[in-house]
Amino acid sequence: MPVHLPVSLNRWINLWELLDVLAFADSKMFRLHDGAAPVDLPVSHPASTGMWTHSAYWALPSVASVIGDVMRQDQAVRGQ
């Protein structure tokens, strides 16, 4: 059964990388307060980073772009 999250967490976009031993797709394990699943967005990077995978993909332009898109969407919703 998925874990239901509190109302204070009204949106979740989960960025994860397959080779990251600390990351996983959350959409099957969690539900937002309205019953929606978090959005799982896989990201990739060269496997040459080895065990540093957990932090290496944060430097990717594609990850920064996704974060920027989400922040702009949130601002538009709030009318800013």
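What does the secondary structure of the chain come to? In this predicted model, the chain comprises two helices and four strands. Read from the N terminus, the elements follow the order β-β-β-β-α-α. The strands thus stand ahead of the helices in the order of elements.

The chain has 80 residues, of which 24% count as buried. Along the principal axes, the C-alpha atoms fill a box of roughly 40 × 35 × 15 Å. Contacts between residues at least 6 apart in sequence were examined for their separation along the chain; 60% of them join residues at least 24 apart. The area exposed by the chain is about 5,700 Å², and 65% of this area is supplied by carbon and sulfur atoms.

Charged side chains number 5 positive and 7 negative, and the centres of the two sets are 6 Å apart. Side chains of opposite charge can pair when their charged atoms come close. In the chain, the count of salt bridges comes to two.

One salt bridge is formed by the side chains of Arg-11 and Asp-74, with a distance of 2.3 Å from N to O. This pair links distant parts of the chain, its members being 63 residues apart. Arg-11 lies in the loop between β1 (3–4) and β2 (13–16), whereas Asp-74 belongs to helix α2. Arg-11 has a relative accessibility of 30% and therefore counts as partly exposed, since this class covers values between the 20% limit for buried and the 50% limit for exposed residues. Asp-74 is likewise partly exposed, because its relative accessible area is 25%.

The salt bridge between Asp-69 and Arg-72 has its closest N and O atoms 2.6 Å apart. Both residues are located in helix α2, where they are three residues apart, or about one turn of the helix. Asp-69 has a relative accessible area of 35%, so this residue is partly exposed.

Helix α2 spans residues 61–78 and also contains Ile-67. With a relative accessibility of 34%, Ile-67 falls in the partly exposed class. Together with Trp-58 and Met-71, Ile-67 forms a nonpolar patch on the surface. The accessible area of these residues together is about 310 Å². Helix α2 thus holds Ile-67 of the nonpolar patch, both residues of the Asp-69 and Arg-72 salt bridge, and Asp-74, the partner of Arg-11.

Conventions: Residues are numbered from 1 along each chain as its sequence is written. This is a predicted model: local features need pLDDT of at least 70, side-chain atom pairs count only at pLDDT 80 or more; totals for chains, interfaces and linings use all residues. Side-chain values use heavy atoms; hydrogens and water are left out. Patches are made of residues with over 30% relative accessible area and no salt bridge: like charges are joined within 9 Å, nonpolar side chains (Val, Leu, Ile, Met, Phe, Trp, Tyr) within 5 Å. Accessible areas come from the Shrake-Rupley method with a 1.4 Å probe; for residues, only the protein chains shown count as cover. A salt bridge is a side-chain nitrogen of Lys or Arg within 4 Å of a carboxyl oxygen of Asp or Glu. Buried means under 20% relative accessible area, exposed over 50%, partly exposed in between (1.4 Å probe, protein chains only). Contact means heavy atoms within 4.5 Å. Lys and Arg count as positive and Asp and Glu as negative; His and the chain ends are not counted. The place of a charge is taken as NZ of Lys, CZ of Arg, CG of Asp or CD of Glu.
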